[in-house]
Amino acid sequence: MSRRFGLAVLGLCVVAASGCAHFPVNTKLAAPSGPGGYRFPQMVSGHPDPADELFVCLSFSGGGTRAAAFAHGALLRLRETDIGRAGVPRSLLDEVDCIAGISGGAFTAAYYGLFGKAGLDTFYDRFLKRNIHSELALRVLNPINLVRLASPYFSRIDLAAELYDETVFEGRKFENLPRRPFIILHATSMANGAPFEFTQAEFDFIGSDLGTFPVARAVAASSAFPFLLSPVTLRSFPPPAGYRVPADVTDGLEERDLNPGRYYWARQHLDLMSPVPKTADEAPNEKWVHLLDGGLADNIGLRSILRAYDRTSGFVRPRIGEGHIKRFVVIAINGRTDPPETLSRRERSPGLVDVFMKTATVSMETVSFDTIEHALRRQTEREQAQTDIRKCNEALAKCGATAMPKLAQEIRTCFIHIDFEGLPSPAREELLAYPTTFSLQEGQLRRLREAARTLLDNSESFQRLLRSLRGEPKMGEGIGGSRENCS
């Protein structure tokens with residue numbers, strides 16, 4: 001009888017424990033965040049920040065440990081790259097103003113943001129060389145965690161976030177991140193497939209304070225590959241009293257025909273918001289945002305940087321308009337994979353696993369290529385427009401005519417895209433075949449980091465940029481030669 005009673009008590013304790021397990025809920029905003037919270041430093045009109053003159057943004061793609069190691073190698077190379085003049089040493093890494101990270105790349109971006117240059121020397125041991133898959137599996141098999149996982153409000157992604165928080169990011173939150181370099185971590189909303197950025201500007205739409213949110217949980221959301229991991233869930237609170245939807249969102253709703261992209265961007269942000277109760281007695285309608293791997297919406301991480309460049313609410317375009325930015329540089333570190341294709345050599349129809357993997361990844365590649373082309377096109381369009389207006393004004397000046405208005409402020413632009421395709425064979429095929437996993441061998445990690453160094457050193461655009469920053473003549477030309485991209 002006593003044994004049965006003991007088992008019954010144990011069973012009740014298990015049920016109670018599973019019922020208590022719940023993912024951590026994000027913090028509600030007590031008042032509008034205004035210019036505060038985790039966002040890029042506010043620009044002061046008429047008082048340019050010298051740090052803005054050379055504005056450098058990096059993007060780190062998704063791809064598990066493969067992408068994280070590739071991005072780490074790029075950071076190490078940038079740290080070694082001296083761009084100082086007149087004997088004053090300064091690395092290109094010192095000039096980085098923003099880093100966008102997706103999935104595996106989010107680990108590298110967030111870790112560098114939290115621990116800086118010194119963190120580059122500890123990231124290998126802290127994250128890259130570990131078998132995260134095995135460590136997470138051991139946590140799942142822990143009897144206590146098995147009980148917690150029985151709760152409908154606690155899942156594998158919450159265990160993953162705890163693992164990252166305890167062993168990688170040391171419990172740090174967004175309030176511990178610097179504003180420069182500004183770290184933009186990305187996820188994808190399950191409701192509409194829209195990209196979700198972990199910035200205070202985005203959290204304003206869900207009435208929440210990003211500052212108290214764990215960085216590890218944002219990284220977990222960014223790397224929550226569907227089916228393998230469950231989504232990270234955020235509470236969307238009604239906006240605090242006095243909050244106003246940003247003007248570029250309300251204006252975007254008026255441009256469905258003229259600018260469909262801006263219209264749907266505005267709609268997607270309004271979809272995040274929870275309705276405000278009409279009366280004090282009315283209970284709020286609860287709304288939740290479920291987030292999956294950021295690569296489903298943008299596996300390169302470039303789109304957030306392009307939005308900052310294109311939109312008046314971004315942190316790049318106003319600085320260009322005010323003449324604060326003289327040179328805008330974007331370096332995309334793309335650790336994409338492309339293993340040998342075997343499906344077309346099989347007579348039988350692909351199985352469910354093959355169908356799932358292709359369904360989840362084919363759209364990633366398509367969006368990634370479109371994003372890269374868009375970035376290149378924006379660079380070319382800007383440079384061409386500036387050149388055309390300059391030449392027209394030179395011709396008009398010769399005949400005494402009134403000059404055309406300038407294109408805001410002239411800037412120099414440079415877009416550099418680094419991926420494994422730039423390597424010679426067979427190294428190219430080897431790295432493209434590395435799996436998307438959170439466990440790689442030490443030799444693979446070494447080759448990935450070396451590849452980033454080699455690709456940057458062999459990039460003509462990157463070398464043109466360095467020569468220009470150092471004040472060196474172009475290859476084969478004297479000072480004052482013809483102008484080209486990244487020069």
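# Helix packing and backbone quirks: worked exercises

Helix 2 and helix 3 cross in a right-handed manner (clockwise turn of the near helix from the far one by less than a right angle; anticlockwise would be left-handed). Helices (H or I, at least four residues) and strands (E, at least two) are DSSP runs, numbered from the N terminus.

This is a predicted model, in which local features need pLDDT of at least 70 and side-chain atom pairs count only at pLDDT 80 or more, while totals for chains, interfaces and linings use all residues. Residues are numbered from 1 along each chain as its sequence is written, and side-chain values use heavy atoms, with hydrogens and water left out.

**Exercise 1.** Work out how helix 2 and helix 3 are oriented, and which residues make the contact.

*Solution.*
- Start with the axes: those of helix 2 (residues 64–80) and helix 3 (residues 104–119) come within 7 Å and cross at roughly 40°. Axes are lines fitted to C-alpha atoms, for helices over the stretch in contact, with angles from 0 to 180 degrees between N-to-C directions.
- The two helices are therefore oblique (under 35 degrees is roughly parallel, over 145 roughly antiparallel, 65 to 115 roughly perpendicular, the rest oblique).
- Now the contact (heavy atoms within 4.5 Å): helix 2 brings G64, A67, A68, A71, H72, L75 and R79, and helix 3 brings G104, G105, T108, Y112 and K117.
- Sorted by class, that's five nonpolar, five polar and two charged residues (Ala, Val, Leu, Ile, Met, Phe, Trp, Tyr, Cys and Pro are nonpolar, Asp, Glu, Lys and Arg charged, and the others, Gly among them, polar).

**Exercise 2.** Helix 9 meets both helix 3 and helix 7, so to speak; describe each pairing.

*Solution.*
- Helix 3 and helix 9 (residues 215–222) have axes that come within 9 Å and cross at roughly 160°, so they are roughly antiparallel.
- In that pair, A106, F107, A110 and L114 of helix 3 touch V215, V219 and S222 of helix 9. The class count is six nonpolar, one polar and no charged.
- For helix 7 and helix 9, the axes come within 8 Å at roughly 130°, which makes this pair oblique.
- Helix 7 passes helix 9 in a right-handed crossing. I157, D158, A161, Y164 and D165 of helix 7 face A216, R217 and A220 of helix 9, giving five nonpolar, no polar and three charged residues.

**Exercise 3.** Find where the salt bridge between D457 and R77 sits in the chain.

*Solution.*
- The whole structure holds 23 salt bridges (a Lys or Arg side-chain nitrogen within 4 Å of an Asp or Glu carboxyl oxygen).
- D457 and R77 form one of them, at 2.8 Å from N to O.
- D457 belongs to helix 16 (residues 442–458) and R77 to helix 2, so this pair, 380 residues apart, links distant parts of the chain.

**Exercise 4.** Track down the cis peptide bonds at P181 and P426, and the positive phi at S103.

*Solution.*
- R180 and P181 are joined by a cis bond with omega about 0°; P181 is in the loop between helix 7 (156–167) and strand 4 (182–189).
- The S425 to P426 bond is cis too, with omega near 5°. Look for P426 in the loop between strand 10 (412–418) and helix 15 (427–432).
- S103 isn't a glycine, yet its phi is positive, about 50°; this residue is in the loop between strand 3 (96–102) and helix 3.
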